[in-house]
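Me: I've got a model open and I'd like to talk through one residue and a couple of hollow spots. Can you take a look with me?

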Amino acid sequence: MARSHCFFESVALSPALALRPAYPPPHPNSANGCYFSTRPRCARLNLTTRPAVESLETAAINGSDGARVYVVSDLHTDYSENMSWLSYLPNRNGSRSVLLVAGDVAETHQNFVVSMSILRDKFDRVFFVPGNHDLWLRREKIDYLSSLDKLDKLLDACEKLGVETKPSIVDGVGIIPLYSWYHESFDEERDITGIRIPSLAMACKDYHVCKWPDELKKGDTSLATYFDSLNDENAGVVDDILKECTHIISFSHFLPRQELCPEKRMLFYPNLPKVIGSKYLEKRIRVIHGAEEQLPVCHVFGHTHFCWDAVLEGIRYVQAPLAYPRERKRRMNGGEDWLPFCIYSSGNFSEKLSPCYWSEYYSVNPRTPDITELAPWVARFYSKS
């Protein structure tokens, strides 16, 4: 298994990279069902191009009123290319702009502070929830007691910078950050058998570079329930949001539903769903959004680096990741010429983010998790392992 070990160590940080660059399944819009050619990605998918980033001048011409809410995740500014991208974002300060950052800003405290300072200068209001990379300890100069100690320091930094981490109302829009962490039992779909899949500890660096108090165990639900409990102190504000707001946007780093990730047979690392999401998160989202189903609602997430835009049981789920430079160069996922994505403007939610390969695929193809026959590109990989 030497080859597999090397592969998964190199891609453990990115679920999207763990899926590609192998060919995806035939897109439902393809006429002959064969694999795509080398034509441009948008043409291959029969989808439109990414929405252009709207300039302040364009917004003024279009007569945009009220707050404009932008979303992005997985900035990973420890990569110099990503930090440069951040620095060159247009300045939207003074235009009633709001940015929601769905975790994984940077691995080091220093880069986190620099990144959030840049964003705070470019947007009128910035909201943040932590991701797993934000709590890594391996490159820190400070000897943190645990990843929770680092979390406290990051939240202190946010407070000093004016970055918001609690629910709030902006021009009638309810903004609800939700803390979360993944747990293995989130994965309720049938496992892939018959191949030697590296363990979670081998594939997921969180197991080695995060440090937790003894009572919080890797693998069980203790971390997920602990992070979910951090949301309880904001219950009163959330109640006010439900009473007062016409539109509600909640956001987290981790996935609230397994349907927001491709099926296991499609993934080079089939056990990926065990380290991406939280059932407690979805339950909390349903308490928030489900009680007022007549309201337009949206939940934004990150983590997997798969662009996603889908409606499930009345709630719109969106992922708009910057992702790693190597992913963008391979035209896999993430984006730099269309982010941050404007999810809300002129009193309503924006049109669907497109193209999103996998959410488009599942919009017309049923999810069949009981089928465990590996996709051809995954089978070829394991046959060579």
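Me: Leaving aside its neighbours within four places in sequence, which residues is histidine 76 in contact with?
Reply: Keep in mind that this is a predicted model. Histidine 76 sits in the loop between strand 1 (68–72) and helix 5 (80–87). Setting aside neighbours within four places in sequence, its contacts are Asn82, Asp104, Val105, His133, His305 and Tyr324.

Me: Is histidine 76 buried or exposed?
Reply: The cut-off for buried is under 20% relative accessible area. Histidine 76 comes in at 3% relative accessibility, so it counts as buried.

Me: Okay, on to the second largest pocket. Which helix gives the most to its lining?
Reply: This pocket has a volume of about 280 Å³. Its lining has 13 residues, with Leu155, Thr165, Lys166, Tyr179 and Glu233 nearest the centre. By type, the lining splits into six nonpolar, two polar and five charged residues. The top contributor, with five residues, is helix 7 (residues 147–161).

Me: And the second largest cavity: how do the residues of its lining divide into nonpolar, polar and charged?
Reply: The whole structure holds four cavities of 30 Å³ or more, and the second largest has a volume of about 100 Å³. It is lined by 14 residues, and Trp181, Tyr182, Lys218, Gly219 and Leu223 lie nearest its centre. Sorted by type, that lining comes out as six nonpolar, two polar and six charged.

Key
Residues are numbered from 1 along each chain as its sequence is written. This is a predicted model: local features need pLDDT of at least 70, side-chain atom pairs count only at pLDDT 80 or more; totals for chains, interfaces and linings use all residues. Side-chain values use heavy atoms; hydrogens and water are left out. Helices (H or I, at least four residues) and strands (E, at least two) are DSSP runs, numbered from the N terminus. Buried means under 20% relative accessible area, exposed over 50%, partly exposed in between (1.4 Å probe, protein chains only). Contact means heavy atoms within 4.5 Å. On a 1 Å grid over the protein atoms alone, a cavity is a set of points where a 1.4 Å probe fits but cannot get out, and a pocket is an open set with protein on both sides within 12 Å along at least five of seven lines; lining residues have an atom within 4 Å of a point. Grid points are joined across faces, edges and corners, and a volume is the space filled by probe spheres set on the points. Ala, Val, Leu, Ile, Met, Phe, Trp, Tyr, Cys and Pro count as nonpolar, Asp, Glu, Lys and Arg as charged, and the others, Gly among them, as polar.
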